[in-house]
Amino acid sequence: MQIVRGKKLEKAAEGEFEQLVGERSRVVVDVGTGDARASYRIAKENPDWLVVGVDPAWQRMTQTSIRARRKPAKGGVPNLLLVNSAIENAPQELLGAADELLVLMPWGKLLHGLVRGDEDIWNGLRAVAKPNAPLTATVGTSIWREPVPRDIQGLPELTPSYVEEVLTGKALAAGWRITGFQLAKAEDTAAVSSSWARRLDSDSTEIIATLTAVTAEPEQ
């Protein structure tokens, strides 16, 4: 397991992750954490949890790692672990470790895989989840409004009908039972990452799609 420590990327010591898990009551994995500010916030608000931010672009997590490694009195959060990995190739230590998974405002391959129901992404999420672990994913719907970013062109829009008719079956095949889908204003969506929220002004009309699921036996 490759961990971000300050400005460096280091290999975790043997047994280090297991020790951290044993010291906390719950393991929450924030997949595609980006700059990890949302992971930091969750860890700070829940000191008895171990929050694991996972992202393949480790350099984006360094500033948050520096902040987290300070003394608690100066904003440090010892219950935050930042892991350099894509979810489809999660390290062995993370497999079956998560009591809860979050995918907050993803981009790139993670966004595409989540929305299309790609096997590698949904199977990767399932691989790190414990039985009955919940998943919460949020996506800003403005990406489907004109002018549509080039990276998003051709990506199906998350709508109630699309989730019901397409995504539900694909998720179940990967071991996830979709339990809910709703559209709400960004200001009313508690799970939106702090970094994304700072980009929205008070007059923002951003609508957030929130998808929830729980682990299930995959369909044969």
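## N132 and M105: two unusual backbone angles

In this predicted model, N132 is exposed, with a relative accessible area of 63%. That figure is over 50%, so N132 lands in the exposed class. You'll find N132 in the loop between α5 and β7. Its phi angle is near 65°, which is a positive value in a residue other than glycine.

M105 also has a positive phi without being a glycine, with a value near 50°. Look for M105 in the loop between β6 and α4 (108-116). Is M105 buried or exposed? At 12% relative accessibility, M105 counts as buried, because the value is under 20%.

## A cis bond at P147

Now slide along to the bond between E146 and P147. This peptide bond is cis, with omega at about -5°. P147 belongs to the loop that runs between β7 (134-140) and α6 (160-173).

## Three aspartates to look at

Let's start with D35, which sits in the loop between β3 (26-31) and α2 (37-45). Its relative accessible area is 18%, so D35 is buried. What does the side chain of D35 reach? It gets to the backbone nitrogen of R37, at 3.0 Å. There's also a neighbour from further along the chain: R60 is 25 residues away from D35 in sequence, yet their C-alpha atoms are separated by 4.9 Å.

D99 is next, in the loop between β5 and β6 (100-104). With 19% relative accessibility, D99 counts as buried, because the limit for that class is under 20%. The side chain of D99 reaches the backbone nitrogen of V27 at 2.8 Å. A polar contact of 3.1 Å also links the D99 side chain to the side chain of K130.

Then there's D120, which is part of helix α5 (residues 119-128). Is D120 buried, exposed or partly exposed? Its relative accessible area is 32%, so D120 is partly exposed. Try picking out D120 and R69 together: they are 51 residues apart in sequence, and their C-alpha atoms are 33 Å apart in space.

## The second largest pocket

R69 turns up again here. The second largest pocket holds about 240 Å³ of space. It is lined by 16 residues, and the closest to its centre are A68, R69, V77, P78 and L80.

Which helices and strands each supply at least two residues of this lining? They are β1 (2-5), α1 (16-22), α3 (62-68) and β5 (80-84). As for chemical character, the lining divides into 11 nonpolar residues, one polar and four charged.

## Around the rings

How many aromatic pairs does the structure hold? The count is zero. One ring does have a charged partner, though: R26 lies over the face of W49, at 5.8 Å from the ring centre.

## A quick recap

If you're turning the model on screen, here are some spots to revisit. Both D35 and D99 are buried, and each has a side chain that reaches a backbone nitrogen: that of R37 for D35, and that of V27 for D99. Positive phi values show up at buried M105 and at exposed N132. For the cis peptide bond, go to E146 and P147.

Methods: Residues are numbered from 1 along each chain as its sequence is written. This is a predicted model: local features need pLDDT of at least 70, side-chain atom pairs count only at pLDDT 80 or more; totals for chains, interfaces and linings use all residues. Side-chain values use heavy atoms; hydrogens and water are left out. Helices (H or I, at least four residues) and strands (E, at least two) are DSSP runs, numbered from the N terminus. Buried means under 20% relative accessible area, exposed over 50%, partly exposed in between (1.4 Å probe, protein chains only). A polar contact is a pair of N or O atoms within 3.5 Å; within protein, one must be able to donate a hydrogen and the other to accept it, and residues adjacent in sequence count only if both atoms are side-chain atoms. Rings of Phe, Tyr and Trp (its six-membered ring) pair if their centres lie within 6.5 Å; planes under 30 degrees apart count as stacked, over 60 as edge-to-face and the rest as tilted. A charge sits over a ring if NZ of Lys or CZ of Arg is within 6 Å of the ring centre and within 35 degrees of the ring normal. On a 1 Å grid over the protein atoms alone, a cavity is a set of points where a 1.4 Å probe fits but cannot get out, and a pocket is an open set with protein on both sides within 12 Å along at least five of seven lines; lining residues have an atom within 4 Å of a point. Grid points are joined across faces, edges and corners, and a volume is the space filled by probe spheres set on the points. Ala, Val, Leu, Ile, Met, Phe, Trp, Tyr, Cys and Pro count as nonpolar, Asp, Glu, Lys and Arg as charged, and the others, Gly among them, as polar.
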